[in-house]
Amino acid sequence: MNEKKSLILMVEDEEQVLNTNCRMLQRRGYDVRTAQTVSEVCHQLEEQLPDLLILDIMLPDGNGLDICRHFREKTMNPVLFLTGKSDIRDKVEGLQQGGDYYLTKPYNFDEFLAVIQMLLERQKRIEEKIKEKFQASRQITIGSLRLDLSDGHAYLNNTDTGLTRTEFSLLRLLAENQEKIFSAKELYEAVWGSCAGTDTNTVRRHIFNLRVKIGAEDTDESDIVSVYGKGYLLPAGKCLFFFTFLNIRICLLQYT
């Protein structure tokens with residue numbers, strides 16, 4: 001599968017510079033769009049935001065700095081100033097308005113390409129980190145058990161446990177409220193969405209199936225504990241042994 005081309009919007013009022021840069025970037029695999037005025041840029045930005053914005057400052061109907069501020073209100077995608085304004089005050093202002101890099105004309109084309117590649121790769125790394133953090137926020141990990149809240153699947157040692165939708169909802173409720181004891185009635189009403197009445201067998205059967213699928217019999221990392229006379233809970237790791245021991249002790253007392 002072909003990788004998506006990076007979209008570059010180049011804003012330049014010198015037609016020869018614009019055409020030359022456009023051809024050279026297209027040859028290197030970039031998707032390049034162009035604009036020569038502020039009004040053209042604003043129209044294009046409303047249609048689609050580029051992965052990289054290359055800006056001249058002096059334009060026939062306005063200022064590239066204003067475009068940069070407008071662009072920054074919409075996205076943090078990189079901005080490269082490419083302009084004939086070489087005074088240090090202009091460079092500082094361009095960076096202060098949200099620019100990521102500032103090149104002055106005349107410029108070396110190899111440096112121009114290297115800066116573009118650097119800015120796009122840096123933005124890609126930032127987006128990947130954001131995606132990773134988002135995905136992590138959509139997961140619950142308990143030992144070797146991982147609940148992916150985005151797709152509704154639970155994985156044990158990265159292998160899908162094959163939970164039904166109801167079993168996953170039950171496990172998620174317990175996992176999001178570790179150490180909290182839920183009665184069978186509370187679980188039924190929360191997961192099935194109706195009054196349980198005196199039906200506790202449904203919950204008990206689903207808990208049994210759930211424990212088998214997540215390997216609770218083989219590990220103490222993610223066991224669902226039955227607390228006699230109270231209900232069920234998924235303990236935090238350090239509390240697991242205590243609750244398991246307490247549950248066994250209570251059960252033994254019932255028979256003494």
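The points below walk through a predicted model of a single chain, beginning with its overall make-up and its confidence and then turning to particular elements.

1. Overall make-up. The chain holds 9 helices and 13 strands, and buried residues account for 40% of its 256 residues. Of the contacts in the chain with a separation of 6 or more, 52% are between residues 24 or more positions apart.

2. Confidence. The average pLDDT of the chain is 85, and 86% of the residues score at least 70. Confidence is highest in strand 3 (residues 52–55), at 97, and lowest in helix 9 (residues 237–254), where the mean is 39. Over residues 238–256 the pLDDT stays under 50, and for this stretch the model has 16 contacts beyond four places in sequence. Where pLDDT is low, the predicted coordinates should not be read in detail, and a new reader may wish to keep this in mind when looking at the end of the chain.

3. Helix 2 and its two sides. Which residues of helix 2 (residues 38–47) are buried? They are Val38, Val41 and Leu45, and because they cover an arc of only 60° around the axis, they lie on the same side of helix 2. In general, an α-helix has 3.6 residues a turn, so residues three or four places apart point the same way. Glu46 and Glu47, on the other side of helix 2, are exposed. The cover over the buried residues of helix 2 includes strand 1 (7–11), strand 2 (31–35), strand 4 (58–59), strand 5 (62–63) and helix 3 (64–72).

4. Cysteines. How many disulfides does a search of the whole structure find? The search finds 0. As for the surroundings of two cysteines, Cys42 counts as partly exposed because its relative accessibility is 31%, whereas Cys68, at 0% relative accessibility, counts as buried.

5. The open sheet of strands 8 to 11. An open sheet is formed by 4 strands in the order 8-9-10-11, with antiparallel pairing. Strand 8 (139–142) and strand 11 (159–160) stand at the edges, and because each has a single partner strand, one side of each is left without a neighbour in the sheet. Within the sheet, strand 8 and strand 9 pair in the antiparallel sense over 4 bridges, and Ile142 stands opposite Leu145 in strand 9. These two strands form a hairpin with 2 residues between them, and Gly143 in the turn has a positive phi of about 60°. Further along, strand 9 (residues 145–148) is joined to strand 10 (residues 153–156) by 4 bridges, again in the antiparallel sense, with Leu147 standing opposite Ala154 in strand 10.

6. The two faces of strand 8. In a regular strand the side chains alternate between the two faces of the sheet. Strand 8 shows such an alternation, since Ile140 and Ile142 point to one face and are buried, while Gln139 and Thr141 point to the other and are not buried.

7. Aromatic pairs. The whole structure contains 4 aromatic pairs. In one of them, the rings of Phe81 and Tyr102 have centres 5.9 Å apart and planes at 40°, so this pair is tilted. Because Phe81 belongs to strand 6 (residues 79–83) and Tyr102 to strand 7 (residues 101–104), the pair ties together parts that are 21 residues apart in sequence, and both residues, Phe81 and Tyr102, are buried. The rings of Tyr188 and Trp192, with centres 5.0 Å apart and planes at 10°, form a stacked pair. Tyr188 is buried, with a relative accessible area of 13%, whereas Trp192 is partly exposed, at 25%. Elsewhere, ring pairs link Tyr107, Phe109 and Phe112 into a cluster.

8. Leu187 and its surroundings. Is Leu187, a residue of helix 7 (residues 184–191), buried or exposed? Leu187 is buried, because its relative accessible area is 0%. Leaving aside neighbours within four places in sequence, Leu187 is in contact with Leu170, Leu173, Leu174, Phe182, Trp192, Val203 and Tyr232. The last of these, Tyr232, is 45 residues from Leu187 in sequence, while the C-alpha atoms of the two residues are 8.7 Å apart in space.

Methods:
Residues are numbered from 1 along each chain as its sequence is written. This is a predicted model: local features need pLDDT of at least 70, side-chain atom pairs count only at pLDDT 80 or more; totals for chains, interfaces and linings use all residues. Side-chain values use heavy atoms; hydrogens and water are left out. Buried means under 20% relative accessible area, exposed over 50%, partly exposed in between (1.4 Å probe, protein chains only). Contact means heavy atoms within 4.5 Å. A disulfide is a pair of cysteine sulfur atoms within 2.5 Å. The arc is that of the directions from the helix axis to the C-beta atoms. pLDDT is the predictor's confidence in each residue, from 0 to 100. Rings of Phe, Tyr and Trp (its six-membered ring) pair if their centres lie within 6.5 Å; planes under 30 degrees apart count as stacked, over 60 as edge-to-face and the rest as tilted. Two strands pair if DSSP finds at least two bridges between them.
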